[in-house]
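Please explain how the helices of this protein pack together and where its interior is left unfilled. A walk through in plain paragraphs would suit.

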Amino acid sequence: LTRKGNNTKGKILVDANLGVAFKIDNGEGEEVTPAIYTLISNAKQEKEDDERRRVLYVALTRAKEKIILSASSKSEAIETKSKSMDLGVLWPGLEKAGVAEKLIPFEEKDALPPQPGLPDDFAAPSIIQTQGLKPSISTVRVTGLGDYERCPKLFKYKYVDGHPGIGEGGTGAARLGTLTHLALEKEITDPDALRRLVAGMTDEETQTAIDFANVFRSHAEFKEVNGCIASKEVDLSLEVDGLILTGVADAVGDDFVLDYKTDKEMEPEHHKLQIWAYTKALGKSKGYLAYLRHEELHRFESHELMGLDETAKKIVAGIREGDFAATPSITACRFCSYREICDEKSEEV
């Protein structure tokens with residue numbers, strides 16, 4: 001209660017009603033305090049004292065049964081009659097109410113911080129866990145199904161460890177894919193307009209993305225779906241045995257789901273589970289992959305997709321059990337972003 005307030009008085013004081021005041025030099029090296037400065041200073045001090053008393057009142061009236069007041073020195077507050085200190089405000093009332101004062105003498109030994117001692121001995125646990133903890137995964141991107149099917153260790157690196165991968169190849173491909181999707185979603189045909197939406201893109205990347213988007217718009221291979229798109233960038237989620245799969249469908253028609261691909265290699269089998277999840281979540285019967293680089297539309301008919309339910313459930317069970325044993329192969333390891341750090345990659349890569 002004897003803590004002093006902060007000195008907030010600077011050389012310049014501002015008051016909403018009184019104006020601005022500042023101390024000045026009288027030309028002889030002495031600082032002069034104008035009357036307006038003193039007036040504003042007193043007004044500010046009165047406001048600060050009122051606020052301090054308000055905060056003190058709130059603190060004191062929160063106790064239900066007992067309140068303990070402590071101060072380092074009663075004499076300083078009482079003898080100087082300092083109203084800026086809480087004890088100076090409270091003391092007349094405390095004295096009139098007969099509140100007893102208890103002096104706690106200073107003891108140097110009591111002021112020393114406690115020293116840490118030796119910990120108590122502890123018994124060995126009755127149950128010793130020798131297996132690693134299973135990762136708690138409740139939500140996974142739809143594309144994770146294909147990643148797990150290709151190699152569970154790839155899935156672990158990407159979705160459990162959150163490892164970004166090694167090298168620029170994957171990053172550059174993902175960046176080009178993002179640009180192409182954006183150009184198609186926003187109906188952008190001008191490279192400059194696309195470049196303004198995404199910072200850090202090169203002229204070559206931007207132009208390539210526009211070229212890929214134009215392939216979809218104009219090539220005869222994509223004519224059957226190009227004019228039948230009802231909505232774009234559709235958010236979706238699908239629950240499979242307690243695991244929530246989330247994703248965004250690039251384009252959706254009355255009876256189909258379409259996903260744009262700018263991959264260098266056409267691997268429809270790798271993306272089959274992704275399309276299965278899209279059609280399952282959105283209630284569509286057919287799924288398409290538009291390989292823009294290759295100018296080819298890959299079609300998944302309903303009977304192909306219906307047979308993937310059990311495959312998806314097995315993958316989900318493996319994810320929930322924490323089974324991330326590597327399944328190396330030339331196909332899985334050749335374009336894997338983690339092959340440089342994986343000690344189980346295929347020796348043929």
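A cavity is a set of grid points, over the protein atoms alone, where a 1.4 Å probe fits but cannot get out, and its lining residues have an atom within 4 Å of a point. By this rule, the structure, which is a predicted model, holds two cavities of 30 Å³ or more. The largest cavity has a volume of about 120 Å³. Its lining consists of 14 residues, and those nearest the centre of the largest cavity are C151, L154, C333, C336 and C342. Helix 6 and helix 14 (330-334) are the elements that give two or more residues to this lining. Helix 6 gives the most, with three residues. Sorted by class, the lining of the largest cavity has ten nonpolar and four charged residues, and no polar ones.

Helix 6 also leads to the helix packing. Two packed helices are described by the angle between their axes and the distance between the axes. Helix 6 covers residues 152-160 and packs against helix 5, residues 143-150, at an angle of about 135 degrees, with the axes 5 Å apart. Angles from 65 to 115 degrees count as roughly perpendicular and those over 145 as roughly antiparallel, and helix 5 and helix 6 are therefore oblique to each other. Helix 5 makes the contact through T143, G144, D147, Y148 and R150, and helix 6 through P152, L154, F155, K158 and Y159. By class, this contact of helix 5 with helix 6 has five nonpolar, two polar and three charged residues. L154 thus appears in the contact with helix 5 and among the residues nearest the centre of the largest cavity.

Helix 5 has a further partner in helix 13 (residues 309-321), with an angle of about 80 degrees and axes 10 Å apart. Helix 5 and helix 13 are therefore roughly perpendicular to each other. Here L145, Y148 and E149 of helix 5 meet T311, I315, V316, G318 and I319 of helix 13. The contact of helix 5 with helix 13 has five nonpolar, two polar and one charged residues. Y148 takes part in this contact and also in the contact with helix 6.

Helix 13 in turn packs against helix 11 (residues 268-282), at an angle of about 105 degrees and with axes 11 Å apart. Helix 11 and helix 13 are therefore roughly perpendicular to each other. The residues that meet are L273, W276 and K280 in helix 11 and D309, T311, A312 and I315 in helix 13. By class, there are four nonpolar, one polar and two charged residues in this contact. T311 and I315 of helix 13 meet helix 11 and also helix 5.

It remains to ask how confident the predictor is. The mean pLDDT of the chain is 86, and 92% of its residues reach 70 or more. Among the elements, strand 8 (residues 256-261) has the highest mean pLDDT, 96, and helix 2 (residues 74-79) the lowest, 58. Where pLDDT is low, the predicted coordinates should not be read in detail.

Notes: Residues are numbered from 1 along each chain as its sequence is written. This is a predicted model: local features need pLDDT of at least 70, side-chain atom pairs count only at pLDDT 80 or more; totals for chains, interfaces and linings use all residues. Side-chain values use heavy atoms; hydrogens and water are left out. Axes are lines fitted to C-alpha atoms, for helices over the stretch in contact, and angles run from 0 to 180 degrees between N-to-C directions. Helices (H or I, at least four residues) and strands (E, at least two) are DSSP runs, numbered from the N terminus. Angles under 35 degrees count as roughly parallel, over 145 as roughly antiparallel, 65 to 115 as roughly perpendicular and the rest as oblique. Contact means heavy atoms within 4.5 Å. Ala, Val, Leu, Ile, Met, Phe, Trp, Tyr, Cys and Pro count as nonpolar, Asp, Glu, Lys and Arg as charged, and the others, Gly among them, as polar. On a 1 Å grid over the protein atoms alone, a cavity is a set of points where a 1.4 Å probe fits but cannot get out, and a pocket is an open set with protein on both sides within 12 Å along at least five of seven lines; lining residues have an atom within 4 Å of a point. Grid points are joined across faces, edges and corners, and a volume is the space filled by probe spheres set on the points. pLDDT is the predictor's confidence in each residue, from 0 to 100.
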